[in-house]
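Q: Hi! Could you walk me through this one? I'd like to start with the aromatics and then get to the ligand.

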Amino acid sequence: MPIDLIVGAQWGDEGKGKIVDLLSNGADFVARYQGGANAGHTIVIGDKTYVLHLIPSGMLQENTICIIGDGVVVDPDALLEEIEMLASHGVSVKGRLFISNKAHVIMPYHKLIDTLRENRAQQSGQNNVIGTTGRGIGPAYIDKARRIGIRMVDLLNIESLKTKITSNILEHNEIIEKIYNQNPLNTKDIVEKYSNYRTSLGKYISDTSLIIDKARKDNKCIIAEGAQGALLDIDHGTYPFVTSSNPTAGGACTGLGIAPTSIDKVIGIVKAYTTRVGNGPFPTELFDADGTELARVGHEFGATTGRSRRCGWLDLVALKYSVMINGISEIALTKLDVLDDFDSIMVCTEYILNDNKLDYFPASSEILEEISPVYKSFRGWNSSLNGIRNFDDLPENAKIYISFIEDFVGAKVKLISTSPSRKDTITVF
Ligand code: IMP
């Protein structure tokens with residue numbers, strides 16, 4: 001059976017948690033393909049709210065098997081905490097969680113250097129503060145690319161693990177001491193701590209590409225889940241203000257060991273307006289009362305760091321680009337209800353740079369900082385979408401807004417979410 005792929009189409013925080021949870025009802029497997037505990041996927045079921053950072057959102061469906069794929073960077077402590085949190089809510093991962101033996105492991109020096117680098121950039125006053133989540137993501141992917149990373153499979157071989165960690169700490173301590181003037185990390189403590197993960201995590205470590213391949217051959221329903229969003233992609237996002245992996249559709253192939261030909265459709269999760277956490281260009285960012293209102297009504301605070309999210313109108317130039325680079329065929333439109341009380345709603349349809357029109361998303365972050373957005377204004381619907389379950393029952397102005405988005409970006413809106421709850425979802429037929 002072909003694989004359905006779910007990607008965040010903007011700068012992350014589009015509401016992937018709820019949509020993956022919903023779509024995994026009936027799915028046999030949900031597989032996460034990149035990122036790490038920098039992600040925060042929020043799922044509301046009844047009166048319970050779950051925030052998952054590493055474990056795929058499919059874990060909250062009773063029978064779905066969840067995979068943490070090759071492209072993910074795993075923080076063992078964060079993962080164990082999440083397993084415990086789920087257990088405290090009566091959700092057992094036993095027999096339903098598999099972690100790729102090729103996934104890289106986040107080490108204490110990754111987290112430390114992530115924070116030290118950001119602090120130093122902040123102090124230097126230069127424009128190179130990324131605003132990372134401080135979860136060690138960038139430094140872990142750096143080690144992967146330098147071919148010195150520790151992988152999940154290494155946790156199973158204590159002798160070689162000790163050697164690898166010891167030489168890595170030596171190297172990272174040099175950076176910590178010489179560049180950042182901080183005390184070195186204690187090798188013995190780290191070796192001991194990481195050696196113990198064989199006991200707590202060893203049972204989950206597997207060759208997940210084999211599991212997925214077998215599942216495909218057995219005609220199982222598989223969902224591939226990305227974290228963050230396309231505009232934070234290391235190759236296609238607003239570089240350098242990006243994360244260090246590929247949230248875009250292509251990342252699913254490398255991050256799970258699957259072929260492009262095995263993917264059936266790409267579903268883009270799109271928030272009905274735009275948000276961004278951390279630094280970097282954001283053409284439609286609002287600094288006025290509308291921005292404050294979007295943040296207030298949308299509860300726009302990061303699920304991982306608690307930071308306030310920057311808010312703005314929907315940027316269709318950016319979204320069209322995202323549809324193109326991901327091959328998005330269907331859209332799940334989230335948080336439409338946040339727009340309920342706006343008299344007018346704007347969407348950006350092109351950029352202006354030095355009096356010239358730009359109808360594409362520029363590669364340069366410097367140019368993106370300079371451009372001015374051109375808006376098209378829509379009348380709001382000034383009524384609550386609460387409780388609406390059928391597309392036909394939506395206010396006419398909401399239908400007009402949706403239809404414009406579809407025509408502009410060339411993808412159909414198939415799901416509309418009007419609250420964090422599972423039940424507040426409209427399927428468009
Ligand atoms: P890092 O992934 O922690 O290295 O952070 C790099 C950039 O990606 C920063 O701007 C973060 O705020 C942003 N980022 C990382 N994870 C997420 C996420 O799950 N949602 C939104 N932004 C994120």
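Q: Which residues do ring pairs link into a cluster?
A: Happy to help! This is a predicted model, and in it ring pairs connect Phe 378, Trp 381, Tyr 401, Phe 404 and Phe 408 into a cluster.

Q: How many aromatic pairs does a search of the whole structure find?
A: The search turns up 9 aromatic pairs. One of them joins Phe 404 and Phe 408, whose ring centres are 6.0 Å apart with planes at 35 degrees, so that pair is tilted.

Q: Where do Phe 404 and Phe 408 sit in helix 13?
A: They are 4 residues apart in helix 13 (residues 396-409), so about one helical turn separates them. Phe 404 is partly exposed, at 21% relative accessible area.

Q: And what about Tyr 194 and Tyr 197, is the pair stacked or edge-to-face?
A: Edge-to-face, because the planes stand at 90 degrees, over the 60 cut-off. The ring centres are 4.9 Å apart, and both Tyr 194 and Tyr 197 are buried.

Q: Great, on to the ligand. How many residues surround it?
A: There are 15, and the closest are Asp 13, Asn 38, Thr 133, Thr 243 and Arg 307. By class, the shell has 6 nonpolar, 7 polar and 2 charged residues.

Q: Which domains does the shell draw on?
A: Domain 1 (3-98 + 207-427) and domain 2 (104-203) each supply at least three residues.

Q: What polar contacts does the ligand have with Asn 38 and Arg 307?
A: A ligand oxygen is 2.8 Å from a side-chain N or O atom of Asn 38, and a ligand oxygen is 2.9 Å from one in the side chain of Arg 307. The protein covers 97% of the 460 Å² of accessible area that the ligand has on its own.

Technical notes: Residues numbered from 1 in each chain as written. Predicted model: local features only at pLDDT ≥ 70, side-chain atom pairs only at ≥ 80, totals over all residues. Heavy atoms only, no water. Near = heavy atom within 4 Å. Polar contact = N/O pair within 3.5 Å; in protein donor to acceptor, adjacent residues only side chain to side chain. Areas by Shrake-Rupley, 256 points an atom, 1.4 Å probe, with all protein chains shown as cover. Nonpolar A, V, L, I, M, F, W, Y, C, P; charged D, E, K, R; others polar. Domains from an automatic or database assignment. Phe/Tyr/Trp six-rings, centres within 6.5 Å; stacked < 30°, edge-to-face > 60°. Buried < 20%, exposed > 50% of the residue type's maximum accessible area, 1.4 Å probe, protein only. Helix = DSSP H or I, 4+ residues; strand = E, 2+ residues; numbered from the N terminus.
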